[in-house]
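User: Could you walk me through this structure? I'm just getting started, so plain answers are great.

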Amino acid sequence: MSGGFFRGTSAEQDTRFSNKQAKLLKSQKFAPVLDHPVDMTKVKMDVIRPWIATRATELLGFEDEVLINFVYGLLDGKACCFDCLCFW
């Protein structure tokens, strides 16, 4: 048998492959303060950017410009999601 039953079925349609990350997020409890979105127009990015670069370098032990720019993109709203690295 050459897999005729699953021919043309994508991973999203196949019940054997579930979104484990979404299931994990539903099972975790978060603080109520995280339910409120942050108004990024009120955040002074020129103050936050050096702190982000310094903190990322401290955590990694080396400077990673790709990661730092990715975080900047997430905060600026230029990244489309957390799962990929595509910037618009």
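User: How many helices and strands does the protein chain have, and what pattern do they follow along the sequence?
Analyst: Keep in mind that this is a predicted model. The protein chain has zero strands, and its helices number three. Read along the sequence, that gives the pattern α-α-α.

User: What share of the residues in the protein chain is buried?
Analyst: Here, a residue counts as buried if its relative accessible area is under 20%. The protein chain has 88 residues, and the buried share of them is 10%.

User: How much area does the protein chain expose, and what share comes from carbon and sulfur atoms?
Analyst: The exposed area comes to about 7900 Å². Of that, the share from carbon and sulfur atoms is 62%.

User: What distance should helix 3 span, and how far apart are its end C-alpha atoms?
Analyst: Helix 3 covers residues 65-76, which is 12 residues. At 1.5 Å a residue, it should therefore span 16 Å. The model agrees, because the end C-alpha atoms are apart by 16 Å.

User: Which residue caps the N-terminal end of helix 3?
Analyst: Look at the backbone nitrogen of Val 66: a side-chain oxygen lies 3.3 Å from it. The residue that brings this oxygen, and so caps the helix, is Asp 64.

User: Which residues of helix 3 are buried, and what do they pack against?
Analyst: The buried ones are Ile 68, Phe 70, Tyr 72 and Gly 73. Their packing partner, at residues 45-60, is helix 2.

User: Which residue lies over the face of Tyr 72?
Analyst: Tyr 72 is one of the buried residues of helix 3. At 4.4 Å from its ring centre, over the face, lies Arg 49.

User: What phi does Gly 77 take?
Analyst: Gly 77 comes just after helix 3. Its phi is positive, at about 80°.

Notes. Residues numbered from 1 in each chain as written. Predicted model: local features only at pLDDT ≥ 70, side-chain atom pairs only at ≥ 80, totals over all residues. Heavy atoms only, no water. Lys NZ or Arg CZ within 6 Å of the ring centre and 35° of its normal. Helix = DSSP H or I, 4+ residues; strand = E, 2+ residues; numbered from the N terminus. Buried < 20%, exposed > 50% of the residue type's maximum accessible area, 1.4 Å probe, protein only. Areas by Shrake-Rupley, 256 points an atom, 1.4 Å probe, with all protein chains shown as cover. Expected span 1.5 Å × (residues − 1). Contact = heavy atoms within 4.5 Å. Polar contact = N/O pair within 3.5 Å; in protein donor to acceptor, adjacent residues only side chain to side chain.
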